Amino acid sequence: MKREMNLEMESANIDGMNGLERGLKRVGDVVGAILLLILLSPVFLYIYLRQKLSVKGPAIYSQERIGKGGKTFLIYKFRTMVVDAEKDGTPLLEQADDPRLTEFGKSLRKCHLDELPQIWNVLKGDMSFVGYRPERKYFIDQIMIHNPDYQLLYKTAPGITSMAAIKNGYTDTMEKMLVRLDMDLEYLRNRSLMLDWKIIFQTLFNF
């Protein structure tokens with residue numbers, strides 16, 4: 001009971017942004033998403049056609065993730081793996097040099113171009129440009145066993161990039177997942193529009 005009360009109190013005060021900043025952040029997400037979808041449309045077309053011509057299966061795939069309010073949404077990516085990457089139905093963590101990657105998928109992953117369809121998620125409001133990386137329920141349940149504070153992240157929308165994504169790399173172990181959670185909670189407590197811009201610029205320079 002005491003643990004639940006502490007979580008409720010922390011949840012009420014954890015967000016570093018006020019209402020005005022959250023509103024401006026959303027406006028920036030919408031404007032930025034529209035501009036990027038227009039400017040990057042030739043890149044989208046090239047990747048889509050290259051995928052269709054070089055590998056079997058859909059060029060874009062969707063996967064259920066958990067976002068704001070603990071609600072499920074579909075995240076979109078350019079497919080980088082073989083179609084039956086999880087053929088036995090058991091969720092597997094992605095790795096930097098995953099053997100399930102296709103040759104073109106390796107190139108997309110190296111430049112993070114597989115994440116481009118998530119701009120549509122930003123426009124829809126499922127995600128923001130900056131925020132914690134959304135995870136699958138299967139892995140969230142495991143994380144919650146070690147640290148139930150994960151549920152505090154549900155106060156905000158997940159993002160395409162974050163400080164944890166820049167510094168922690170691929171989260172291919174539970175240890176990295178817990179480090180990522182600590183970094184995401186730290187971001188949430190201290191987030192601001194200025195910090196978001198800093199993370200965006202660092203992401204661009206780390207491509």
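Visitor: How many residues of each class, nonpolar, polar and charged, does the lining of the second largest pocket have?

Guide: In this predicted model, the lining of the second largest pocket has seven charged, three polar and two nonpolar residues. The residues that line this pocket are R22, K25, R26, D29, K68, G125, M127, S128, K155, T156, A157 and R191. M127 and A157 are called nonpolar because Met and Ala count as such, while G125 is called polar because Gly is placed among the polar residues.

Visitor: Which helix gives the most to the lining of the second largest pocket, and how much space lies in that pocket?

Guide: Helix α2, which spans residues 19–39, gives the most to the lining, with four residues, and the space in the pocket is about 240 Å³.

Visitor: What makes residues of helix α4 count as buried, and which are they?

Guide: A residue is called buried if its relative accessible area is under 20%, and in helix α4 (residues 103–110) F104, G105, L108 and R109 are buried.

Visitor: How do you know where around the axis of α4 its buried residues fall?

Guide: Seen down the axis of α4, the buried residues fall within an arc of 135 degrees, so they line one face of the helix. On the other side of α4 are E103 and K110, which are exposed, and this word is used for a relative accessible area over 50%. The cover over the buried residues of α4 includes α3 (41–54) and β2 (72–78). After α4 comes H112, with a positive phi near 60 degrees.

Visitor: Which residues of helix α6 are buried, and why are they said to lie on the same side or on opposite sides?

Guide: Helix α6 (residues 137–146) has F139, I140 and I143 as its buried residues. Around the axis they cover an arc of only 100 degrees, which puts them on the same side of α6. The exposed residues K137 and I145 sit on the face of α6 turned away from its buried side, and the buried residues pack against β1 (60–66) and α8 (174–190).

Visitor: What share of the residues of the protein chain counts as buried, and what pattern does the chain follow along the sequence?

Guide: Of the 207 residues of the protein chain, 40% count as buried. The chain has nine helices and four strands, and along the sequence they follow the pattern α-α-α-β-β-α-α-β-α-β-α-α-α. Among contacts in the protein chain with a separation of 6 or more, 71% come from residues 24 or more positions apart. The protein chain exposes about 11,700 Å², of which carbon and sulfur atoms supply 61%.

Technical notes
Residues numbered from 1 in each chain as written. Predicted model: local features only at pLDDT ≥ 70, side-chain atom pairs only at ≥ 80, totals over all residues. Heavy atoms only, no water. Helix = DSSP H or I, 4+ residues; strand = E, 2+ residues; numbered from the N terminus. Buried < 20%, exposed > 50% of the residue type's maximum accessible area, 1.4 Å probe, protein only. Contact = heavy atoms within 4.5 Å. Areas by Shrake-Rupley, 256 points an atom, 1.4 Å probe, with all protein chains shown as cover. 1 Å grid on protein atoms, 1.4 Å probe; cavity = no way out; pocket = protein on both sides within 12 Å on 5 of 7 lines; lining within 4 Å. Points joined across faces, edges and corners; volume = space filled by probe spheres on them. Arc of directions from axis to C-beta.
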